[in-house]
Amino acid sequence: MNYLSINDIDSLSTWVKEAITLKKQPKKFKSLGSDKTIGLLFFNNSLRTRLSTQKAAINLGMEVIVMNFGSEGWALEYADGTIMDQGTSEHVKEAAQVISQYCDIIAIRAFAGLVDKELDEAEEVLNGFKKYASVPIVNMESSVGHPLQALTDAITMEEHNFKNNPKVVLSWAPHPRALPHAVANSFVQMMQKQNADFVITHPKGYELDPNITKDSKIEHDQEKALENADFVYVKNWSSYIDYGQIKSQDTNWQMTLKKLGKARFMHCLPVRRNVVVADEVLDSEQSLVIEQANNRTYAAQLVLKKILENLK
């Protein structure tokens with residue numbers, strides 16, 4: 001069993017309920033991971049993902065190995081038949097097999113380069129390890145998806161939802177750097193599994209991959225999209241059509257309390273204050289960002305629990 005995409009979840013509502021139950025007794029299944037080891041491989045920086053996944057593994061009784069490939073590992077090659085006379089020192093074919101001997105589960109974090117769309121969508125790091133590893137693989141954020149975050153978001157909304165059909169808005173926000181689409185992509189895919197009035201709002205030119213958004217409602221007028229919202233999830237992403245480019249720095253898209261209305265505010269963090277969202281929102285009782293960060297542990301723990309159960 002791998003966990004590479006939010007679509008690997010067979011029943012989102014069941015998983016969410018199980019995670020909320022697990023949260024009440026996080027050490028209940030500590031014997032499940034006894035004598036098991038997880039390897040956390042980071043090709044990019046991390047705070048919540050690293051710490052929450054490590055905590056989740058500890059809660060399950062697992063040993064944890066962490067490796068930062070950017071500063072500690074050899075540069076890996078992923079293409080078959082390559083003459084390795086340039087910058088790469090080791091092929092993923094050997095690396096994945098070797099790490100599989102040390103670990104019972106491998107979790108990987110590798111961002112999009114935002115230069116070559118086809119290369120990013122090929123998910124060469126994640127799929128390279130999936131192809132050659134002999135143990136389960138967990139996606140801790142890849143080029144096109146962040147399924148641990150999406151499961152976290154589903155858990156958080158369930159804990160704070162009091163309606164049968166809540167209105168949930170995913171809103172683009174300005175950012176000084178070009179950011180990947182992974183969080184937004186997985187949030188969209190997660191919301192497509194929910195019973196909710198879901199709306200995506202962004203300036204023209206910031207459409208996400210249509211193969212992901214499918215028939216999800218898109219509204220370019222942010223204020224119209226935010227009307228009567230129950231949850232507002234704010235995230236920046238770069239252009240998909242003009243891949244990786246910043247098309248707009250419209251500061252009017254920053255989230256404020258006036259725009260938020262009575263909705264609960266969500267963001268995956270880290271977030272740039274007073275660029276993406278105003279202080280008044282983040283510091284208000286309507287903000288769920290700290291609860292989201294806490295739930296990262298239980299989302300990861302549920303995924304690891306299911307994989308460990310499948311190993312037995």
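In the predicted model, the largest cavity is lined by Trp 172, His 175, Arg 177, Ala 178, Leu 179, Tyr 206, Asn 236, Trp 237, Ser 238, Gln 245, Ile 246 and Ser 248. Classification of this lining gives 6 nonpolar, 5 polar and 1 charged residues. The enclosed space amounts to about 30 Å³, and the structure holds 1 cavity of 30 Å³ or more.

Trp 172, one of the lining residues, is also among the residues touched by Gln 222. Gln 222 is located in helix H9, which spans residues 222-226. With a relative accessibility of 6%, Gln 222 falls under the 20% limit and is therefore classed as buried. Beyond four places in sequence, the contacts of Gln 222 comprise Ser 171, Trp 172, Thr 201, Asn 252, Trp 253, Met 255 and Lys 259. For Trp 253, a polar contact is also found: a polar atom of the Gln 222 side chain lies 3.3 Å from the backbone oxygen of Trp 253.

An unreviewed UniProt entry annotates residues 183-304 as "domain: Aspartate/ornithine carbamoyltransferase Asp/Orn-binding". Over this range the chain is 34% helix and 13% strand, and a distance of 20 Å separates the C-alpha atoms at its ends.

Leu 47 occupies the loop that runs between strand S1 (37-42) and helix H2 (48-59). The relative accessible area of Leu 47 is 48%, and the residue is therefore partly exposed. Between the C-alpha atoms of Leu 47 and Val 64, which are 17 residues apart along the chain, the separation is 16 Å.

Definitions and conventions
Residues numbered from 1 in each chain as written. Predicted model: local features only at pLDDT ≥ 70, side-chain atom pairs only at ≥ 80, totals over all residues. Heavy atoms only, no water. UniProt positions renumbered as here; feature names shortened; annotations may be inferred. Helix = DSSP H or I, 4+ residues; strand = E, 2+ residues; numbered from the N terminus. Buried < 20%, exposed > 50% of the residue type's maximum accessible area, 1.4 Å probe, protein only. 1 Å grid on protein atoms, 1.4 Å probe; cavity = no way out; pocket = protein on both sides within 12 Å on 5 of 7 lines; lining within 4 Å. Points joined across faces, edges and corners; volume = space filled by probe spheres on them. Nonpolar A, V, L, I, M, F, W, Y, C, P; charged D, E, K, R; others polar. Polar contact = N/O pair within 3.5 Å; in protein donor to acceptor, adjacent residues only side chain to side chain. Contact = heavy atoms within 4.5 Å.
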